[in-house]
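The following exercises concern a predicted model. Each task is followed by a solution in steps.

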Amino acid sequence: MTVEGLGAQHCAPMAPKSGAAAATPAVELLAVTKRFGNMVAVDGIDLAVREGEFFTLLGASGCGKTTTLRLIAGFELPTGGHIRIGGQDVSEEPAYRRPVHTVFQSYALFPHLTVSENVAFPLRIRRLAAEERRRRVLAALDLVQMSGLQDRRPAQLSGGQQQRVALARALVNEPKVLLLDEPLGALDLKLRKEMQTELKHMQKRLGITFVFVTHDQEEALAMSDRIALMHEGRIVQVDDPTGLYNAPVNRYAAAFIGETNLLSATIDGGDDATLRVRWLGHHVVLNRPAGAAPSGQAVTLAIRPEQIVRAPSPEEERAGGLAVDGVLTESVFIGTDLRLIYRVETGETLICRVQNRAAATPEPGERARLLLPRGALRCLTS
Amino acid sequence: MRRSTRDAAVTSVMLAPAVLILVVFVVMPLCVVAAYSFAQRDAYGGVVPGFTLENYSQLFSGLYWQVFVNSFQLAAWTTILCLLIGYPVAYFIAFRAGRWGPALLVLMLVPFWINFLIRISAWVVLLGRNGLINGGLTAAGLTEAPVGLLGTLGATLVGMVYAFLPLCVFPIYAALQPLDRRLIEAGADLGAGPAETFLRVTLPLSLPGVLAAALFVFVPSMGVFAIPVLLGGGKDIILGNLIVQLFLEFRNIPLGAAVSVAMLGFAALGVVLYMRALSRIEAMR
């Protein structure tokens with residue numbers, strides 16, 4: 001969406017509250033655990049969401065991201081630990097006393113109410129005067145570009161429209177934090193991309209803290225200020241999108257975000273600051289990561305497919321890295337890119353990604369020298 | 001044979017027994033009753049075929065009008081009490097009973113395995129002067145002499161609610177059970193406390209079930225006859241007793257048939273009102 005169309009008075013009531021101290025996290029989780037019977041859904045996580053940021057909980061299904069969101073919303077109460085919203089401990093507060101609103105995956109619009117009655121719901125609860133209510137409902141509908149459909153019932157709206165109404169309903173009350181549970185999951189790809197941009201712009205414009213849940217890494221990378229990658233009820237890594245992509249902390253993070261070549265290597269010497277790593281008889285000297293043993297330890301070298309250099313120049317090779325010969329076994333056309341799968345000396349495969357230039361499409365059987373540049377290699381110990 | 005013709009033939013054959021039973025045991029008796037209601041009575045209680053509106057004009061004279069009012073009041077009170085008790089029960093089974101829900105529903109049906117008259121007679125024993133309740137009250141020192149419970153409107157209502165409560169619980173349960181729990185969460189999420197969420201979300205969404213429950217209780221309550229006689233002492237004449245008396249005691253079969261037709265009309269009116277209200281609710285969705 002283009003937010004330019006927004007009247008100034010429309011977004012004024014939704015501007016962020018500047019009163020709260022900047023250092024206080026908007027949402028803070030301290031050693032929060034949630035058990036359902038014997039099943040541990042959330043396993044002692046610590047998290048601090050900064051005020052005004054677009055924060056994403058990312059992970060495969062069953063990783064605990066939705067439970068975490070439901071804990072923040074108050075639909076579930078934690079088995080252990082504390083939850084703070086705007087510095088206030090709300091661990092035991094029921095959902096209706098928490099200053100957060102949720103956009104549900106299924107939208108959860110009230111089927112017996114019209115669009116404007118749905119959006120007015122939280123204002124009615126707060127006993128706002130009719131005139132004020134009407135004004136704010138219109139402003140919120142305007143914000144999500146749904147003006148003109150006030151009198152429709154949710155059943156008469158498309159999925160995309162329902163989603164906008166759900167957003168307006170969650171924003172109209174100016175929550176401190178907006179929680180979004182895979183809100184784009186049910187939309188088709190094109191609409192999804194549009195809504196991603198629109199949501200992102202809206203969040204920046206309104207300055208509201210967003211806590212967004214998704215299993216879609218591309219969505220997370222495109223929209224978030226920071227991402228918490230979750231796995232089996234724990235947080236694997238909290239970082240900004242670049243950090244998460246370029247500097248994964250372990251094998252899981254490296255494999256989950258994007259495509260990665262994970263190579264089994266061994267530590268073969270080094271000193272306090274550096275590490276000599278052996279892979280297929282080749283050696284490379286890397287910066288020493290935390291927790292690396294001196295010698296003999298098995299480690300994983302991670303490198304992104306697009307960072308492998310095909311047919312490197314002598315200068316590039318001299319700059320350091322691992323250079324091997326490979327035979328192309330498969331070439332997959334994926335639109336903007338070509339995905340090339342090479343078999344190297346011992347039968348290991350390397351996936352390589354190059355931009356699609358119509359002129360030269362390599363054929364299987366082609367031999368090539370592949371350089372894994374020193375700077376693109378990450379040594380993972382777990 | 002073309003597929004559609006064959007399907008139609010199969011459908012007809014399959015439906016035939018049900019249609020036959022309905023025609024023989026429902027439609028034809030109703031036609032007979034309707035025909036009798038326009039006939040005349042001879043001096044010995046027989047039916048003289050003919051066509052007269054005399055029965056109906058007699059029906060709407062002051063004497064019988066009071067019977068309709070009595071019946072309506074009893075049915076209305078029964079319906080209101082059933083809804084007030086049945087809704088919380090249905091709500092509990094749908095939302096709070098968890099895996100015990102289905103078992104509780106079956107338990108509600110258990111009394112139906114026993115004959116209706118026996119169950120109502122049990123209430124006679126319970127409420128009687130030497131019954132369990134009076135015995136309990138006296139033993140607890142709350143009363144010195146047995147209280148006259150039987151033969152009161154209260155006793156009638158207790159029996160009525162007891163008899164019709166399951167008919168009320170089931171439709172409400174059926175409306176609540178599939179209700180999307182996210183909607184209730186959404187209510188809480190938007191700041192509505194439990195009471196307000198109930199009034200603004202749960203109750204409006206379960207209204208079709210409440211209407212069905214009201215219909216299921218109201219219609220048979222209008223025609224009830226054993227409960228007010230056994231528990232209420234049959235002091236106020238209601239439609240059920242009137243029909244029995246007209247047929248069996250006064251041997252005025254045509255007038256009894258007219259009362260029956262009028263009662264059927266009431267029930268039909270109830271169904272029509274229900275359908276109207278339901279379609280209005282549906283149109284709102």
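**Exercise 1.** Determine the area buried between chain A and chain B, and state which residues of chain A supply the most of that chain's part.

*Solution.* Step 1: the two chains bury about 2100 Å² between them, and carbon and sulfur atoms give 64% of this area. Step 2: on the side of chain A, 30% of the area buried against chain B is supplied by A:Y96, A:H112 and A:I125, more than by any other three residues. Step 3: in terms of residues, the contact takes 24 from chain A and 20 from chain B.

**Exercise 2.** Identify the polar and charged links across this interface, and describe the side of chain A that touches chain B.

*Solution.* Step 1: with a cut-off of 4 Å between nitrogen and carboxyl oxygen, two salt bridges are found across the interface. Step 2: A:R70 forms a salt bridge with B:E185, their closest N and O atoms lying 2.5 Å apart. Step 3: six residue pairs are in polar contact between the chains, both residues being at pLDDT 80 or more. Step 4: the elements of chain A that give two or more residues to this side are α2 (65-73), β6 (100-103) and α3 (115-125). Step 5: α3(A) provides the largest share, four residues. Step 6: by class, the side comprises 14 nonpolar, five polar and five charged residues.

**Exercise 3.** Establish the strand order of the open five-stranded sheet in chain A, and explain why β13 and β20 stand at the edges.

*Solution.* Step 1: the order is β13-β12-β11-β14-β20, with antiparallel pairing. Step 2: β13 (282-287) and β20 (378-380) of chain A each have a single partner strand, so one side of each is left without a neighbour in the sheet. Step 3: neighbouring strands are turned by 45° against each other on average, direction ignored. Step 4: three bridges join β14(A) (residues 295-303) to β20(A), where A:C379 is the bridge partner of A:L301.

Note on methods: Residues are numbered from 1 along each chain as its sequence is written. Chains are lettered from A and ligands numbered from 1 in the order in which they are written. This is a predicted model: local features need pLDDT of at least 70, side-chain atom pairs count only at pLDDT 80 or more; totals for chains, interfaces and linings use all residues. Side-chain values use heavy atoms; hydrogens and water are left out. Contact means heavy atoms within 4.5 Å. Buried area is the accessible area (1.4 Å probe) that two parts lose on being put together, summed over both. A salt bridge is a side-chain nitrogen of Lys or Arg within 4 Å of a carboxyl oxygen of Asp or Glu. A polar contact is a pair of N or O atoms within 3.5 Å; within protein, one must be able to donate a hydrogen and the other to accept it, and residues adjacent in sequence count only if both atoms are side-chain atoms. Ala, Val, Leu, Ile, Met, Phe, Trp, Tyr, Cys and Pro count as nonpolar, Asp, Glu, Lys and Arg as charged, and the others, Gly among them, as polar. Two strands pair if DSSP finds at least two bridges between them. Axes are lines fitted to C-alpha atoms, for helices over the stretch in contact, and angles run from 0 to 180 degrees between N-to-C directions.
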